[in-house]
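Hi everyone, thanks for making time this morning. Let me put the chain up on the screen, and then I'll walk you through it.

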Amino acid sequence: MADMATGNLVLPEYMDLIIDEAHHLESAVTGGLSFRTDRRAVDTILDEVARPRVGMVARAQQRIGAVALPDVSRQVDSIAERMRSNAQIAGSQLDDFFMSLDYFLQGLSQGRSQFAEQIRLTEAIRVQPEYPQIEESWDNLSQAIGALSKDFAKLAEAVADCAASYGIEDEEEMRATLLDSGKGLEAVRTNVDWIILDPQPDMIYWAERYRDTISLHAAPLLVGPLVEEHIFNAKETVVLTSATLRTAGYGGLEPSFDYLRERLYAQHADEFAVGSPFDYRRSTLLYLVSDIPEPNQPGYQRALEQAIIDVAVTLGGRTLVLFTANNHLSQTAQNIEAALSAHNITTLAQNSGTSRQQLLEQFRREDSRSVLLGTRSFWEE
């Protein structure tokens, strides 16, 4: 996905592609081609520019000033001073923009929440009376950011020229850092221009408020056309493989690839389904707990912990517990550890600092009496 997003600058040229765990392809394309920014992301780059004695711009000045002729040094100093001036202006305009955005979103908010609040930036939102103020404040910031991104490119070019003429230590790394910062600012400018001023019909835009942070987001509405254009049509052979590519139809119909074909624009793909080597009917027992509170009710966490302890003690460990949230995992691990330890059962938690591979090896040992609490990647083990 990074290769797609950068115009094939990440991977060597290739024509044959095998994608394992391909049920993640749609979300991977969405994530890889999505955009997110907040005030801190821009402020970090501006701060690197604005400081006169430290930061990437100051280091470039110092390295060039140490080896170049006075005329060259003065030209570079002029670029650097202009960048600092623009960074200070941009910093002030960044404050104005996010203050305007915060004020506008507060008017649309449903009230303070402990969770992140997402607000779709739809046409109905954009015609609100206060919205032009956001457009104006962003337009001012956009111009300052655009000027800065161009100066990053000029300073990187000056570093390259001086390195060729006089030699500069760590020239490649310094030039790459300057170019990356300029491209990062330009990416912010382009994407936020679309989010605030010029929404594209094939994208979804939203703002997110969480505590004191506001972030802006963009994501492709449909990934199928992108997969078709950049993967299926661009390669000679593409194989999508996974244990979970098929879905059952309505009314108990046999599983098929129809849903995946529709989502990924893969209507012309050949298909082949292989039966499972596992005899689930004989080797698996499904137990649905029906006597504990709902997850949003009082007493749920304590009941869950006791259920885990009861199962683990009965089985002598040998229990994998899967979570969808890290904080829930941490709380549970802390609360069950002492009770399990009393039965000589070890609690292994994915957030303990131990690597995933080490946790799995310890859990799978034949003599292991352990309970493994995991998230994300452990769902596919």
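I'll start with a four-stranded sheet, go on to a nonpolar core, and finish with strand E9.

Some housekeeping before that. This is a predicted model, where local features need pLDDT of at least 70 and side-chain atom pairs count only at pLDDT 80 or more, while totals for chains, interfaces and linings use all residues. Residues are numbered from 1 along each chain as its sequence is written, and side-chain values use heavy atoms, with hydrogens and water left out.

When I say helix or strand, I mean a DSSP run (H or I, at least four residues, for helices; E, at least two, for strands), numbered from the N terminus. Two strands pair if DSSP finds at least two bridges between them.

So, the sheet. Four strands form an open sheet in the order E2-E5-E4-E3, with antiparallel pairing. Which strands sit at the edges? Those are E2 (35–38) and E3 (117–120), each pairing on one side only. From one strand to the next, the twist averages 20 degrees; angles here run from 0 to 180 degrees between N-to-C directions, with axes fitted to C-alpha atoms, for helices over the stretch in contact. E3 and E4 are joined by four bridges, and Gln118 has Glu208 as its bridge partner in E4. Helix H8 lies across E2, E4 and E5, at about 100 degrees to E2.

H8 (171–197) brings us to the core, as one of the elements giving two or more residues to it. A nonpolar core is a set of buried Ala, Val, Leu, Ile, Met, Phe, Trp, Tyr and Cys residues joined through side-chain atoms within 4.5 Å; buried means under 20% relative accessible area, with a 1.4 Å probe and protein chains only. The largest one has 52 residues, and Phe97, Phe152 and Leu178 have the most contacts inside it. H7 gives the most, with 14 residues. Leaving out residues up to four places away in sequence, Phe152 touches Leu178, Ile45 and Met83, among others (contact is heavy atoms within 4.5 Å).

Last stop: strand E9, residues 370–375. Is E9 covered on one face or both? Both: Ser370, Leu372 and Gly374 on one side and Val371, Leu373 and Thr375 on the other are all buried. E7 (residues 319–323) runs parallel to E9 and is joined to it by five bridges; Thr319 partners Val371. E8 (residues 346–349) also pairs with E9 in the parallel sense, over four bridges, with Ala349 partnering Leu373. From E8, the chain crosses through helix H14 (residues 356–364) to E9 in a right-handed β-α-β crossover, meaning a clockwise path from the first strand over the helix to the second with the strands pointing away from the viewer.

How values were computed: Buried < 20%, exposed > 50% of the residue type's maximum accessible area, 1.4 Å probe, protein only.
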